[in-house]
Amino acid sequence: MRVDLRVGRVVSAEPFPEARRPAYILHVDFGPELGVRKSSAQITAHYTPEALVGRLVVGVVNFPPKQIGPLMSECLVTGFHDADGHVRLCVPDGDVAPGTRLL
């Protein structure tokens, strides 16, 4: 229970050219209690910004904000490394309301 994992919906995604490794800046809506939070995500190998908008993701919402270049990251979007070391997002397999906690 120390790590607060919640479902969020990506409301916007854009390239993050200032990042050391290829990444996107994501704005994720975690529902009315938490609102929209920003995150840097190194997921460019499998996703385009356009394909991310509207997708549900699972994010850690109780870590302290972290400065990543010019971006203050406010949450950590979760994923798994595939066989090539690229990240695949951790996502619910059905429609879940933004802000719902992972059990």
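Trainee: In β3, which residue is the bridge partner of Leu 26?

Mentor: The bridge partner is Ser 39. Keep in mind that this is a predicted model. To read a pairing, take one strand, then look across to the strand beside it. Here β2 and β3 run antiparallel and are joined by six bridges.

Trainee: What happens at Gly 31, in the hairpin of β2 and β3?

Mentor: Gly 31 takes a positive phi near 90°. The hairpin has six residues between its strands.

Trainee: In what order do the strands of the open sheet stand?

Mentor: The order is β3-β2-β1-β4-β7, five strands with antiparallel pairing. To find the edges, look for strands that pair on one side only; these are β3 and β7.

Trainee: How many bridges hold β4 and β7 in their pairing?

Mentor: Two bridges, in the antiparallel sense, with β4 covering residues 56-60. Across this pair, Gly 59 stands opposite Val 77 of β7.

Trainee: Next, the edge strands. Is Leu 76 buried, partly exposed or exposed?

Mentor: Leu 76 belongs to β7, which spans residues 76-77. Its relative accessible area is 40%, so Leu 76 is partly exposed. Setting aside neighbours within four places in sequence, Leu 76 contacts Ser 39, Val 58, Gly 59, Val 60 and Phe 63.

Trainee: How far apart are Leu 76 and Ala 41 in sequence and in space?

Mentor: They are 35 residues apart in sequence, and their C-alpha atoms are 8.0 Å apart.

Trainee: Which residues make a nonpolar surface patch with Leu 76?

Mentor: Val 3 and Phe 63 make the patch together with Leu 76, and its area is about 250 Å².

Trainee: And on the other edge strand, is Ser 40 buried or exposed?

Mentor: Ser 40 sits in β3. Its relative accessible area is 18%, and because the cut-off for buried is under 20%, Ser 40 counts as buried. Apart from residues up to four places away in sequence, Ser 40 touches Phe 16, Ala 23, Tyr 24, Ile 68, Leu 71 and Ser 73.

Trainee: Turning to the interior, which residues touch the most other members of the largest nonpolar core?

Mentor: To read a core, ask which members touch many others, then which strands supply them. This core has 16 residues, and those touching the most other members are Val 10, Leu 26, Val 28, Ile 43, Leu 52 and Leu 89. At least two core residues come from each of β1 (5-15), β2 (24-29) and β9 (87-89). The strand that gives the most is β2, with three residues.

Trainee: What is Val 10 in contact with, leaving aside its neighbours within four places in sequence?

Mentor: Val 10 is in contact with Leu 26, His 27, Val 28, Leu 52, Val 53, Gly 54, Arg 55 and Val 57. Leu 26, Val 28 and Leu 52 also appear among the core members named with Val 10.

Trainee: Now the charged groups. How many salt bridges does the structure hold?

Mentor: Side chains of opposite charge can pair when their charged atoms come close. This structure holds four salt bridges.

Trainee: Which residue forms a salt bridge with Arg 6 at 3.4 Å?

Mentor: Glu 33 does, with 3.4 Å between the closest N and O atoms. Arg 6 lies in strand β1 and Glu 33 in the loop between β2 and β3 (36-41), so this pair ties together parts 27 residues apart in sequence. Arg 6 also forms a salt bridge with Asp 4, where the closest N and O atoms are 3.0 Å apart.

Trainee: Are these partners buried or exposed?

Mentor: Arg 6 and Asp 4 are both buried. For Arg 6 the relative accessibility is 3%. Glu 33 is exposed, because its relative accessibility is 62%.

Trainee: Where do Arg 9 and Asp 95 lie?

Mentor: Arg 9 and Asp 95 form a salt bridge, the closest N and O atoms being 3.2 Å apart. Arg 9 lies in strand β1 and Asp 95 in the segment after β9, so the pair ties together parts 86 residues apart in sequence. Arg 9 is partly exposed at 27% relative accessible area, whereas Asp 95 is exposed at 69% relative accessibility.

Trainee: Which residues do salt bridges with shared partners join into one network?

Mentor: The network consists of Asp 4, Arg 6, Glu 33 and Arg 101.

Terms used
Residues numbered from 1 in each chain as written. Predicted model: local features only at pLDDT ≥ 70, side-chain atom pairs only at ≥ 80, totals over all residues. Heavy atoms only, no water. Core = buried A, V, L, I, M, F, W, Y, C linked by side-chain atoms within 4.5 Å. Buried < 20%, exposed > 50% of the residue type's maximum accessible area, 1.4 Å probe, protein only. Helix = DSSP H or I, 4+ residues; strand = E, 2+ residues; numbered from the N terminus. Contact = heavy atoms within 4.5 Å. Salt bridge = Lys/Arg side-chain N within 4 Å of Asp/Glu carboxyl O. Pairing = 2+ DSSP bridges. Patch = residues over 30% accessible without salt bridge, like charges linked within 9 Å, V, L, I, M, F, W, Y side chains within 5 Å. Areas by Shrake-Rupley, 256 points an atom, 1.4 Å probe, with all protein chains shown as cover.
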